[in-house]
Amino acid sequence: METLLALSVGGAMTAGFYLMMRRSIVKLIVGLILISHAVNLLIFTMGRLLRARPAFIPEGAEMAVGVADPLPQALILTAIVISFGVQGFAIVLIKRAWRTIGTDDMDRLRATDGLEGSG
């Protein structure tokens, strides 16, 4: 199971980096989304994959053995909220750039850096 998740993380990271190198801002955002999902899967994999075992220590036990680690799960929940906020901001930024300039090409956006009052 860990091998399958490792291959999934590697594939998502590769596709994300490839999309981030494209000229379109939309592809850049999709690449950012893929990378954030890949990182969430990586954190999930690091927390040990145990099926149907809660992250609770049984009463009377001094040490938790064979249970899932709750810290990576909490980190993933936090990362999901943060990535949702970043994606929302990026989508609004893309929409504003499209209305102002009329393109999502990164090279054409760089050419408009010196323009003032274009909105």
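Confidence in this predicted model varies along the protein chain: the lowest mean pLDDT, 74, falls in helix α4 (residues 106-111), and the highest, 92, in helix α1 (residues 2-20). The protein chain as a whole averages 82, and 79% of its residues score at least 70. Where pLDDT is low, the predicted coordinates should not be read in detail.

The protein chain has four helices and zero strands, which gives the pattern α-α-α-α along the sequence. Three of these helices are listed below with their residue ranges.

| Helix | Residues |
|---|---|
| α1 | residues 2-20 |
| α2 | residues 25-46 |
| α3 | residues 70-101 |

Helix α3 has 32 residues, and at 1.5 Å a residue these should span 46 Å; the end C-alpha atoms of α3 are 46 Å apart, so the two values agree. Just after α3, Gly 102 takes a positive phi of about 85°.

Several residues of α3 are buried: Pro 72, Ile 76, Ser 83, Gln 87, Ala 90, Ile 94 and Ala 97. An α-helix has 3.6 residues a turn, so residues three or four places apart point the same way.

The largest nonpolar core consists of six residues, namely Ile 25, Ile 29, Ala 90, Ile 94, Ala 97 and Leu 109. Helices α2 and α3 each give two or more residues to this core, and α3 gives the most, with three.

Of the 119 residues in the protein chain, 23% are buried. The accessible surface of the protein chain comes to about 8800 Å², and 68% of that belongs to carbon and sulfur atoms. Among contacts between residues at least 6 apart in sequence, 49% join residues at least 24 apart.

Technical notes:
Residues numbered from 1 in each chain as written. Predicted model: local features only at pLDDT ≥ 70, side-chain atom pairs only at ≥ 80, totals over all residues. Heavy atoms only, no water. Core = buried A, V, L, I, M, F, W, Y, C linked by side-chain atoms within 4.5 Å. Buried < 20%, exposed > 50% of the residue type's maximum accessible area, 1.4 Å probe, protein only. pLDDT = per-residue confidence, 0-100. Expected span 1.5 Å × (residues − 1). Contact = heavy atoms within 4.5 Å. Areas by Shrake-Rupley, 256 points an atom, 1.4 Å probe, with all protein chains shown as cover.
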